[in-house]
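Open the model in your viewer and keep the selection tool at hand. The tour goes from one selection to the next and says what is there.

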Amino acid sequence: MIVHLTGTLRGTDRSEAWIVDGRLSFTRPDVDSAGSRAVREVSGYAYPGLLDVHTHPGLRRSPEALETSEIRRRLEILARIGVSDVRDSGGQHDPNVAWEPGLPRVIHCGQHIARYRRYERYLATETEPADLPAEALRQLAVSGGWIKVVGDWIDREVGDMTPLWPRAALKDAVAAVHEAGGKVTVHAFARETIDDLLEAGVDGIEHGTGMTRDHLLEAAARGILITPTVRQIRRFPEFAASATKYPAYQQRMLAMDAQRREHLALMVDTGTHFLMGSDSAEDVGETNLTDELICAVEDGMPADVVMAAASYDGKRRLGLPFWAEGAPADVVVYLDDPEENIATVRTPAAVFIGGHAIS
């Protein structure tokens, strides 16, 4: 089947496109010479597939191995909501073992890197500062070009969130990864973590709740990509409630929650290079990128900025193809404009991943 796309094609000045043999084309095919293949007309508000840069299809929370069928289940859910590309931001399993045509393509980030007992149990490979560069390179070797470092977490001896790494260790690790052709994104909640990340030259920051205006301006000037994970930030009161033994940590989390809308507006105002990520894993069927986009708009992020970051701007920032002649035909189409009503993202009218129609 040939698909003819018309309507509003966001992220390009084209007014129509064609899907032929799984690829995009902007030249009308010779339908007569295509034999008996039918032409399907699809019209609406079209985006070049969605991008979730912080979802964990290969993550497990126990010592048991994750079944390939479970990884595939998570990817299938992402496909149905229009996600054509994923950066997994850390996981014990490479989701590409479960990939098949019609599923999102995955940039694997290797396993989270953290210090001993300074992250969630089972999730990270644990190392100490002197070995951080070597561990970063080990994870890069099994990744798709990005790695994920945990930048801060609760320190139970201190009773508050603190950075995991000395600045020198971070700088050495980032330099080693860059020299090997890779990129580094870092989990960071706390303000105290950010100066070291900027000084180290990281490529991405996940969450970024502690970033000041000066931090954000410098990150924008350096082209650092920031994933705000709005839905996850909304859970800060929940995190605080579960940490009754650590009042300083509780106070920090509640203070960041109280300022989350103002902080998100500050991110927009400073020209942040946004990516969008759901921070989902086994719960992807209940909470996924659609929820993240809705939460971001509800908390004040402009819908056009959200949708661009979740599709063509995000793909451009990661060097992924979109709306290009001969590129994989990744398209999600909505009957109503999600930039007028963001809830529309829950009900795509049509999804194509690599030219495969997703039901």
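**Second largest pocket**

Helix α8 gives five residues to the lining of the second largest pocket, the largest share. Helices (H or I, at least four residues) and strands (E, at least two) are DSSP runs, numbered from the N terminus. This is a predicted model: local features need pLDDT of at least 70, side-chain atom pairs count only at pLDDT 80 or more, and totals for chains, interfaces and linings use all residues. Residues are numbered from 1 along each chain as its sequence is written, and side-chain values use heavy atoms, with hydrogens and water left out.

Select Arg191, Thr209, Ala255, Met256 and Gln259: of the 16 lining residues, these lie nearest the centre of the second largest pocket. Then colour α8 (247-258) and α9, the elements that give two or more residues to this lining. The volume of the second largest pocket is about 270 Å³. A pocket is an open set of points on a 1 Å grid over the protein atoms alone, with protein on both sides within 12 Å along at least five of seven lines; a cavity is a set where a 1.4 Å probe fits but cannot get out, and lining residues have an atom within 4 Å of a point. Grid points are joined across faces, edges and corners, and a volume is the space filled by probe spheres set on the points.

The lining of the second largest pocket divides into six nonpolar, six polar and four charged residues. Here Ala, Val, Leu, Ile, Met, Phe, Trp, Tyr, Cys and Pro count as nonpolar, Asp, Glu, Lys and Arg as charged, and the others, Gly among them, as polar.

**The cavity**

Keep α9 (260-269) coloured and add α6 (230-233): each supplies at least two residues of the lining of the largest cavity. Which element gives the largest share of that lining? It is α9, with five residues. Now select the lining residues, including His207, Thr209, Arg260, Met267 and Asp299. The largest cavity has a volume of about 120 Å³, and a search of the whole structure finds one cavity of 30 Å³ or more.

**Largest pocket**

Next select Tyr119, Glu120, Arg121, Trp153 and Phe239, which lie nearest the centre of the largest pocket among its 36 lining residues. The largest pocket has a volume of about 820 Å³. Both β11 (152-155) and α6 supply at least two residues of its lining. By class, the lining of the largest pocket has 14 nonpolar, nine polar and 13 charged residues.

**Strand β18**

Move to residues 350-353, strand β18, and show the side chains. Ala350 and Phe352 on one side and Val351 and Ile353 on the other are all buried; buried means under 20% relative accessible area (1.4 Å probe, protein chains only). In a regular strand the side chains alternate between the two faces of the sheet.

Add strand β17 (residues 331-334), which runs antiparallel to β18 and is joined to it by three bridges. Two strands pair if DSSP finds at least two bridges between them. Val332 has Val351 as its bridge partner in β18. Then add β19 (residues 356-357), also antiparallel to β18, with two bridges. Phe352 stands opposite Ala357 in β19. In the hairpin of β18 and β19, with two residues between the strands, Gly354 takes a positive phi near 60 degrees.

**The whole protein**

Zoom out. The secondary structure comes to twelve helices and 19 strands. Buried residues make up 58% of the 359 residues.

Key. Buried means under 20% relative accessible area, exposed over 50%, partly exposed in between (1.4 Å probe, protein chains only).
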